[in-house]
Each structure stands twice: as structure tokens, then as C-alpha cells.
2 protein chains.
Amino acid sequence: MVEGEPGLRVVHQLRAITVELDLLGAEFAQRNGLHPTDVRALICLLDAARADTLATPGWLGRQLGLNSAGTTALVDRLERLGHVRRTRDSRDRRRVLLEVDDQAVALGQSFFGPLITEVVAATRAFSGTELATVERFLQNVREAVAEQRDPSA
Amino acid sequence: MVEGEPGLRVVHQLRAITVELDLLGAEFAQRNGLHPTDVRALICLLDAARADTLATPGWLGRQLGLNSAGTTALVDRLERLGHVRRTRDSRDRRRVLLEVDDQAVALGQSFFGPLITEVVAATRAFSGTELATVERFLQNVREAVAEQRDPSA
DNA sequence: CATAGTATCTCGCTCGGCGAGATACTTGCT
DNA sequence: AGCAAGTATCTCGCCGAGCGAGATACTATG
């Protein structure tokens with residue numbers, strides 16, 4: 001718990017935050033009649049939409065580590081709930097494009113909105129340079145974790 | 001992606017890290033023949049052991065948001081794999097105490113070890129005061145998330 | 001135009017997790 | 001003491017997310 005090495009403490013904190021965020025996500029999921037995976041899928045889809053990356057079932061499945069069968073089931077659920085629409089790609093007619101509904105965007109807002117407010121409020125206690133440091137650090141961590149997952153970086 | 005408000009960027013990063021860590025955990029789980037929940041359970045149990053909190057199925061289930069049936073099944077799995085032992089509490093003989101096996105500790109090490117090494121390496125680029133800032137910030141975030149989950153803080 | 005390659009979907013199955021209720025023990029009331 | 005109420009854990013039956021294997025529809029290449 002009270003280790004000397006600062007790196008350990010930070011890892012500990014990140015892990016704790018991850019667990020907390022997971023549980024928050026699970027809670028939110030249940031309240032809205034969906035599963036943790038569905039929430040993660042919505043996050044991915046919203047990110048894709050924001051980055052103007054066009055999303056397909058295959059891409060989504062790859063993001064979430066699902067196989068094709070699971071992905072189809074996932075998209076079925078999301079479509080049934082009206083969060084996503086399927087449209088055939090006219091260029092490559094094997095592909096299906098996933099369009100996120102405004103409803104899903106609103107849902108995302110309702111999930112992250114309060115949390116963002118909280119965290120932004122928490123940032124009030126930090127100077128611009130301090131926040132820049134935090135950002136830089138988180139970026140490093142993100143890369144470290146990504147490298148752990150796929151040791152080809 | 002390129003928002004102006006630093007708080008938003010940080011939230012974004014934290015979310016991305018959470019997703020990455022989740023996927024890392026899922027990968028690790030599968031490689032070791034267990035489920036994401038099992039990994040989270042082991043984390044909780046190791047934390048408890050480190051903090052000298054004595055763990056029971058009920059406590060564990062509460063940590064993970066499982067009901068009693070699911071918790072029993074979880075502990076069954078962990079026990080079958082030899083990560084955990086059940087012992088009756090002699091004071092209150094309704095209770096079962098969960099003892100983590102050294103094997104599970106080693107497993108935890110093998111999971112977090114490389115990641116910790118990576119992150120600690122990443123901290124090399126930061127001064128002591130900078131790390132302190134990061135730590136303080138993460139602490140705030142952790143509290144913010146916890147408050148989101150249980151608005152009674 | 002056949003053959004290989006790719007994107008998605010269907011089918012049958014496994015197993016994690018839930019709700020309801022059983023069981024064993026403790027605690028409080030009288 | 002003795003009985004009701006409360007609590008910790010487990011059992012049973014079921015639902016449904018995700019997997020493996022294979023079907024289907026389309027594209028690309030010789």
C-alpha cells in the first residue's frame with residue numbers, strides 16, 4: 001500500500017480508477033438495459049463518429065475482441081434498441097456501415113456528462129502547466145499499456 | 001478529438017486507458033483460462049490481503065456487483081483452479097473466509113509485473129514534483145469517480 | 001468466368017450471472 | 001432457555017452473451 005517507488009503508487013491508482021470506471025460503466029449499462037460490452041461498443045462508435053472513421057461490424061468486433069458471431073449479436077442488440085442503424089456500403093456491397101443514432105449520442109452524454117463535470121471541477125485545483133504534465137504522463141501510460149497488449153511498437 | 005478544455009482531454013485519455021487496461025485484462029484472463037471477472041476478483045483479493053482486510057464471499061460479491069449465486073460460482077472457479085481456499089470462520093460459523101494462494105499472488109505479479117516495469121520506465125521522464133502532481137491528480141479523479149458511483153460522499 | 005479472398009450472418013453450444021429459495025448459523029426478544 | 005428474525009452462503013433452474021464452425025454474398029485476381 002505505502003510503497004516507496006512512486007511508479008508503483010501511480011500504477012496502483014490507475015488500476016483502482018480502472019476498476020471504479022468499470023463498475024460505473026456496468027452500473028450505467030444495467031440502468032439502461034444494456035451490457036458492459038454494449039457500452040464499450042457505443043464508446044467505440046462515438047469515438048469513430050467523432051474521428052470521421054467509418055465503422056463496420058468487423059471493425060467494431062476487432063476493437064472489442066469479439067468474433068463475428070458475437071459481433072452480429074451485439075449489433076443486433078444495439079439496432080433493436082435503436083442506438084445504431086445498418087446500411088450496406090454501396091462501394092463494397094459485402095460491407096455494412098454502422099450509423100450511430102442521435103439517441104446513442106445523448107446516452108453517451110448522459111453517461112459521461114456528470115463524470116466530465118466532476119473531473120473538470122477537480123482540474124480547477126491544477127495550473128495549466130500541471131495539467132499539461134498530467135496529460136503528458138497519461139499519454140505515456142496509454143502508450144505503455146498499448147505496447148503491453150501488442151508488443152510490436 | 002482536439003478539444004480546447006483540458007479537462008475533456010484528460011477524461012478522454014482516462015477512458016482510453018480504461019478500455020486498454022480492460023482489454024489487456026481480458027487477454028490475460030483468456031491466456032490463463034479464466035474470465036475477466038476472475039481477474040478482477042483476484043485483484044480485489046490481493047488488495048484485501050495487502051490491506052489485511054479479511055475477505056468473504058459476500059464482501060467479494062459486493063465489490064464486484066455480483067449476487068450470491070454468481071459469487072458462489074466465482075469462488076468455486078477460483079478454488080477449483082487453486083487460487084483461493086475456503087475456510088469457515090470460527091467466530092461466526094456462517095461465514096467463509098477466502099485465503100489467496102501464493103499461486104494467485106504469482107499470477108498477479110506475472111500480470112502486473114511487465115506493465116509496472118513499463119510505467120515505471122515511463123516515469124523516468126518526470127521529476128519528483130511532477131510525479132507528485134500526477135499522483136495528486138489521479139487521487140482527485142479516483143474520488144470523483146467514486147462519488148459518481150455512490151453519491152453520498 | 002472460375003477461384004480465392006473477405007464481410008457478414010446463422011446455428012448449436014458453453015457457461016457466467018440472475019432470481020428464488022434452501023440451509024446453517026447467530027442474535028435479540030421474552 | 002427457547003423461539004423468531006436476521007444474516008452468510010449455497011443450490012436449482014433459467015437466460016443470454018460469446019464462441020466455433022460453417023453458410024452466404026459479394027469483390028478481386030488469374
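In this predicted model, in which local features require pLDDT of at least 70, side-chain atom pairs count only at pLDDT 80 or more, and totals for chains, interfaces and linings use all residues, Asn67(B) is placed in the loop between H3 and H4 of chain B, where helices (H or I, at least four residues) and strands (E, at least two) are DSSP runs numbered from the N terminus. Residues are numbered from 1 along each chain as its sequence is written, chains are lettered from A and ligands numbered from 1 in the order in which they are written, and side-chain values use heavy atoms, with hydrogens and water left out. Asn67(B) is exposed, its relative accessible area being 52%; here exposed denotes over 50% relative accessible area, buried under 20%, and partly exposed the range in between, with a 1.4 Å probe and protein chains only. The side chain of Asn67(B) reaches the backbone nitrogen of Gly70(B) at 2.9 Å, a polar contact being a pair of N or O atoms within 3.5 Å, of which, within protein, one must be able to donate a hydrogen and the other to accept it, while residues adjacent in sequence count only if both atoms are side-chain atoms. Between Asn67(B) and Thr87(B), the separation is 20 residues in sequence and 20 Å in space, taken C-alpha to C-alpha.

Around DNA strand D there are 21 residues, of which His35(A), Thr37(A), Gly58(B), Ser68(B) and Arg86(B) come nearest; a residue is near a molecule or strand if one of its heavy atoms lies within 4 Å of it. Of the atoms of DNA strand D that come within 4 Å of the protein, 67% are accounted for by sugar and phosphate. A polar side-chain atom of His35(A) is placed 2.6 Å from a phosphate oxygen of DNA strand D. Base nitrogens of this strand are also approached, with an N or O atom in the side chain of Ser68(B) at 2.5 Å from one base nitrogen and an N or O atom in the side chain of Arg94(B) at 2.9 Å from a base nitrogen. Helix H4 (68-80) of chain A, together with helix H3 (57-64) and helix H4 (68-80) of chain B, each contribute at least two residues to the surface near DNA strand D, and the largest share, three residues, comes from H4(B).

For DNA strand C, the residues that come nearest, out of 21 around the strand, are Gly58(A), Ser68(A), Arg86(A), His35(B) and Thr37(B). Sugar or phosphate holds 66% of the atoms of DNA strand C within 4 Å of the protein, and the rest belong to bases. An N or O atom in the side chain of Ser68(A) is 2.5 Å from a base nitrogen of DNA strand C. On the phosphate side, an N or O atom in the side chain of Arg77(B) is 3.1 Å from a phosphate oxygen of the strand, and a backbone N or O atom of Arg93(B) is 3.4 Å from a phosphate oxygen. Helix H3 (57-64) and H4 of chain A, together with H4 of chain B, each supply at least two residues of the surface near DNA strand C, with the largest share, three residues, coming from H4(A).

The loop between helix H2 (36-50) and H3 of chain A contains Thr56(A), which is buried at a relative accessible area of 8%. With neighbours within four places in sequence left aside, Thr56(A) is in contact (heavy atoms within 4.5 Å) with Arg95(A), Val96(A), Leu97(A) and Leu98(A). Asp52(A) is also found in the loop between H2 and H3 of chain A, but is exposed, with a relative accessible area of 71%. Most residues other than glycine have a negative phi; Asp52(A), although not a glycine, has a positive phi of about 55°. In chain B, Asp52(B) lies in the loop between helix H2 (36-50) and H3, has a positive phi of about 55° and is exposed, with a relative accessible area of 72%.

Chain A as a whole has six helices and two strands, arranged from the N terminus on as α-α-α-α-β-β-α-α. The C-alpha atoms of chain A fill a box of roughly 55 × 35 × 30 Å along the principal axes, and 43% of its 153 residues count as buried.
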